[in-house]
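User: Please take a close look at one part of this model, the second largest pocket, and describe what surrounds it.

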Amino acid sequence: MERADPLFLLIGLPTIPVMLILGKMIRWEDYVLRLWRKYSNKLQILNSIFPGIGCPVPRIPAEANPLADHVSATRILCGALVFPTIATIVGKLMFSSVNSNLQRTILGGIAFVAIKGAFKVYFKQQQYLRQAHRKILNYPEQEEA
């Protein structure tokens, strides 16, 4: 970093947290989930890995409004600032054979985001299936004795 152009450092370094915050605000898991629901019945491998995915649902639950799901600004900011540390730890755990620290950290960050996203997509799909198979029954009123 000592040999880098000062103008590049002046412009480049402050953009790192800004890009991390903007990257955290993109909800790519919702797009993957929509594709999963749309094409899961056509991909038989998904049916073998995740049972109950390709079967038709009795009713379509109401979609949650993404604007209604508010995540606090402090959570986004703290998550974006802690992300490089998590990326470094995951990189050291999973990619110890890579010699470059920068490459290891980038691979760790990509792996962390992919694994966390896969868990979120799976959880949201299970919630969707649970709500789709929910049956609303009449509650019998008991007479007072």
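**The second largest pocket and its surroundings**

Analyst: In this predicted model, helices α4 (73–94) and α5 (101–132) each supply at least two residues of the lining of the second largest pocket. The largest share of that lining comes from α5, with 4 residues, and the space within the pocket amounts to about 190 Å³. The residues that line the pocket are Leu20, Phe83, Pro84, Ala87, Leu102, Thr105, Ile106 and Gly109; by character they divide into 6 nonpolar and 2 polar, with no charged residue.

One of these lining residues, Phe83, also takes part in the 1 aromatic pair that the structure holds. Its partner is Phe112, and the two rings are tilted, with 6.2 Å from centre to centre and 45° between the planes. Because Phe83 lies in helix α4 and Phe112 in helix α5, the pair ties together parts that are 29 residues apart in sequence. Phe112 is itself partly exposed, with a relative accessible area of 25%, which lies between the 20% limit for buried and the 50% limit for exposed.

A record adds some context: the unreviewed UniProt entry carries the annotation "transmembrane region" for residues 6–26 and 76–94. In the model, residues 6–26 are 95% helix and 0% strand, and the C-alpha atoms at the two ends of the span lie 31 Å apart. For residues 76–94 the corresponding distance between the end C-alpha atoms is 25 Å, and this span is 100% helix and 0% strand.

Definitions and conventions:
Residues numbered from 1 in each chain as written. Predicted model: local features only at pLDDT ≥ 70, side-chain atom pairs only at ≥ 80, totals over all residues. Heavy atoms only, no water. 1 Å grid on protein atoms, 1.4 Å probe; cavity = no way out; pocket = protein on both sides within 12 Å on 5 of 7 lines; lining within 4 Å. Points joined across faces, edges and corners; volume = space filled by probe spheres on them. Nonpolar A, V, L, I, M, F, W, Y, C, P; charged D, E, K, R; others polar. Phe/Tyr/Trp six-rings, centres within 6.5 Å; stacked < 30°, edge-to-face > 60°. Buried < 20%, exposed > 50% of the residue type's maximum accessible area, 1.4 Å probe, protein only. UniProt positions renumbered as here; feature names shortened; annotations may be inferred.
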